[in-house]
Amino acid sequence: LAQLFRPLDMLGMVYREIKQGLIDMEAMFGLIDTPAEVADAPDAPPLKVSGGHVRFENVVFAYDPARPILKGVDLDVAPGRKLAVVGHSGAGKSTLSRLLYRFYDVTSGRITIDGQDIRDVTQQSLRGAIGIVPQDTVLFNDSIGYNIGYGRDGATRAEVEAAARGAAIHAFIMSLPLGYESEVGERGLKLSGGEKQRVAIARTILKNPPILILDEATSALDTRTEAEIQSALADVSRSRTTIVIAHRLSTVVDADEIVVLDAGRVAERGTHEQLMARAGIYADMWARQQADREKEEEEAA
Ligand code: ATP
């Protein structure tokens, strides 16, 4: 009987792993329903990254043909530069990252990395070149060491620790009685939003991708945690092409370019100073966030 159960047990394990992987992806991209199948072109070569130059050329996209989300978006992020995307809730900011990761194909226009249309290369090579720090990281029911090491197959313990240091979470892990062996997830230790985000940053440091997407958390973190995370993120994004999907404006000030998405189009673009001087949507959003922040501070005092 035991011989019969062992394979079943194995199957259960494999199933759980696959399911957990899917949950992770869904959470990462906030996918509501199953995305349309995107297939590799026959004989698609792997993506060759030279510097990580990302371009969106007149990108049109709709989840549902009756409701276009992007109506001709142009973006150009030079190698190693940082682009911040802002806009009202539902403007299509996260959609841009789902398209770059090729969870969906554009309706028209094209997205290129170092001149190669992302539809012409293998999905595996494309996704291998992009690191994502999502809004809400899903943890596996396993040790915290495993959860970080998942960033790259075959990472050694020393590499995992170095990544944890880079993400400012090593000291926290060492303070746990079981250190890197501490179980996390549903059945283990519940990590705070900030700690989970640092796990995601550590995974990304291990993955070491040339292109980075940071989908900033909407939920506010306390000021100290936020400062720590910002500095860890600044370190990872240095010398990588970075796209920040920003929900709070305080984190976009240092971007090389800020793009304001509105009604499916780029309504404004420029540096923080240029956009403030324009006194348009961005300046308005900024004023509103400042007012909210002051109100919160008053209420907290
Ligand atoms: P937020 O700041 O609130 O996160 P966002 O700008 O990132 O918003 P997106 O998540 O890109 O917005 O969504 C843009 C629009 O597309 C929304 O109106 C949303 O309802 C719709 N949408 C998102 N995902 C899907 C999907 N899988 N199927 C259908 N519609 C979707």
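**Exercise 1. Find how many bridges join strand β3 to strand β9, and follow the sheet outwards from there.**

Solution. Start with the pair itself: β3 (residues 82-87) and β9 (residues 257-262) run parallel and are joined by five bridges. Strands here are DSSP runs of E with at least two residues, and helices are runs of H or I with at least four, both numbered from the N terminus. Two strands count as paired if DSSP finds at least two bridges between them. This is a predicted model, in which local features need pLDDT of at least 70 and side-chain atom pairs count only at pLDDT 80 or more, while totals for chains, interfaces and linings use all residues. Residues are numbered from 1 along each chain as its sequence is written.

Next, look across the pair: Leu83 stands opposite Glu257 in β9. Then widen the view to the open sheet of six strands, with the order β6-β7-β8-β3-β9-β10 and mixed pairing. Its edge strands, β6 (130-133) and β10 (265-270), each pair on one side only.

**Exercise 2. Decide whether Gly270 is buried, partly exposed or exposed.**

Solution. First place the residue: Gly270 lies in strand β10. Now count: 16 other C-beta atoms lie within 10 Å of Gly270. A residue is buried with 20 or more such atoms, exposed with 12 or fewer, and partly exposed in between, the C-beta atoms being placed from the backbone. Gly270 is therefore partly exposed. Finally, list what Gly270 touches beyond four places in sequence: Glu257, Ile258 and Leu275. Contact means that C-beta atoms, placed from the backbone, lie within 7 Å.

**Exercise 3. Work out which residues of helix α5 are buried and why they line one face.**

Solution. In α5 (residues 157-166), pick out Val160, Ala163 and Ala164 as buried. Viewed down the axis of α5, the buried residues fall within an arc of 100°, so they line one face of the helix. The arc is taken from the directions between the helix axis and the C-beta atoms. The partners of these buried residues are α4 (144-149), α6 (170-174) and α7. Just after α5 comes Ala168, with a positive phi near 55°.

**Exercise 4. Identify which helix gives the most to the largest nonpolar core.**

Solution. Begin with the core, which has 66 residues; Val85, Ile148, Ile201, Ala202 and Ile258 have the most contacts inside it. Such a core is a set of buried Ala, Val, Leu, Ile, Met, Phe, Trp, Tyr and Cys residues joined through C-beta atoms within 7 Å. The helix sought is α7 (residues 193-207), with six residues. To finish, inspect Ile201, whose contacts beyond four places in sequence are Val133, Ala167, Ala232, Leu233 and Val236.

Methods: Contact = placed C-beta atoms within 7 Å.
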